[in-house]
Amino acid sequence: DSMAIVLRPAATRGVGAALKRIAASFRALPVPVIGRIQDDAFWLDCRCLEPADEAAFTGQLRALALEVKSRA
């Protein structure tokens, strides 16, 4: 059993390109995060996330959010 974080672009136009950018941003983090693109969404499977790694993972998400906001 597992859980996933699923990210869907808000716009319906250009979904494929947006998902590729999202995937590339996650791979470019200091500790790369690999997800999958499926059903017009980017999926992060949490089954491999160890409890001890949770703080580092969420810290990277904050950094990623700041990066996205600065590009907007």
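Biologist: Of the contacts in the protein with a separation of 6 or more, what share comes from residues 24 or more positions apart?
Modeller: Happy to start there, and please keep in mind that this is a predicted model. The protein has 72 residues. Among its contacts with a separation of 6 or more, the share from residues 24 or more positions apart is 54%.

Biologist: In what order do the elements of the protein run from the N terminus on?
Modeller: Let's count them before ordering them. There are two helices and three strands in the protein. Reading from the N terminus, the order is β-α-β-β-α.

Biologist: Which element of the protein has the lowest confidence?
Modeller: Overall, the mean pLDDT is 85, and 90% of the residues reach 70 or more. The top of the range is strand S2, residues 36-38, with a mean of 95. Where pLDDT is low, the fine detail of predicted coordinates should not be relied on. With a mean of 74, the element of lowest confidence is H2.

Biologist: Which element gives the largest share of the largest nonpolar core?
Modeller: That core has 10 residues: Val15, Leu19, Ala23, Phe26, Leu29, Val33, Phe42, Leu44, Phe57 and Leu64. Two or more of them come from each of helix H1 (15-27), strand S3 (41-45) and helix H2 (54-71). With four residues, the largest share comes from H1.

Biologist: Is leucine 64 buried or exposed?
Modeller: Leucine 64 sits in helix H2 and is a member of the largest nonpolar core. In soluble globular proteins, nonpolar side chains tend to be buried together. Because its relative accessible area of 7% is under the 20% cut-off, leucine 64 counts as buried.

Biologist: Leaving aside neighbours within four places in sequence, which residues is leucine 29 in contact with?
Modeller: We can come at this from leucine 64 in H2. Beyond its sequence neighbours within four places, leucine 64 is in contact with Ser25, Phe26 and Leu29. Seen from the other side, with the neighbours within four places again left out, leucine 29 is in contact with Gln60 and Leu64.

Biologist: How many Å separate the C-alpha atoms of leucine 61 and phenylalanine 26?
Modeller: Leucine 61 is placed in helix H2, and it is partly exposed at 28% relative accessible area. Phe26, its partner in this question, belongs to the largest nonpolar core. Along the chain the two are 35 residues apart, yet their C-alpha atoms are separated by 8.6 Å.

Biologist: And how many Å separate the C-alpha atoms of leucine 64 and leucine 49?
Modeller: Leucine 64 is in helix H2, while leucine 49 is in the loop between S3 and H2. These two leucines are 15 residues apart along the chain. The separation of their C-alpha atoms is 18 Å.

Biologist: Not counting residues up to four places away in sequence, which residues does leucine 49 touch?
Modeller: Leucine 49 is partly exposed, with 33% relative accessible area, and it belongs to the loop between S3 and H2. Once residues up to four places away in sequence are set aside, the residues it touches are Glu54 and Phe57.

Biologist: How many residues of the lining of the largest pocket are nonpolar?
Modeller: The pocket holds about 360 Å³ of space. It is lined by 17 residues, and the closest to its centre are Pro32, Val33, Cys48, Leu49 and Phe57. Two or more lining residues come from each of S3 and H2. Two of the lining residues are polar and four are charged, while the number of nonpolar ones is 11.

Biologist: In which loop does aspartate 39 have its place?
Modeller: Aspartate 39 has a positive phi of about 55°, although it is not a glycine. It counts as exposed because its relative accessibility is 57%, with the cut-off at over 50%. Its place is the loop between S2 and S3.

Biologist: What is the relative accessibility of aspartate 40?
Modeller: Aspartate 40 also lies in the loop between S2 and S3. It has a positive phi of about 55°, again without being a glycine. Aspartate 40 counts as exposed, with a relative accessibility of 54%.

Biologist: To finish, what percentage of the residues of the protein count as buried?
Modeller: For scale, the C-alpha trace spans about 40 × 30 × 15 Å along its principal axes. Being buried requires under 20% relative accessible area. Of the 72 residues, the share that count as buried is 21%.

How values were computed
Residues numbered from 1 in each chain as written. Predicted model: local features only at pLDDT ≥ 70, side-chain atom pairs only at ≥ 80, totals over all residues. Heavy atoms only, no water. Core = buried A, V, L, I, M, F, W, Y, C linked by side-chain atoms within 4.5 Å. Buried < 20%, exposed > 50% of the residue type's maximum accessible area, 1.4 Å probe, protein only. Contact = heavy atoms within 4.5 Å. pLDDT = per-residue confidence, 0-100. 1 Å grid on protein atoms, 1.4 Å probe; cavity = no way out; pocket = protein on both sides within 12 Å on 5 of 7 lines; lining within 4 Å. Points joined across faces, edges and corners; volume = space filled by probe spheres on them. Nonpolar A, V, L, I, M, F, W, Y, C, P; charged D, E, K, R; others polar.
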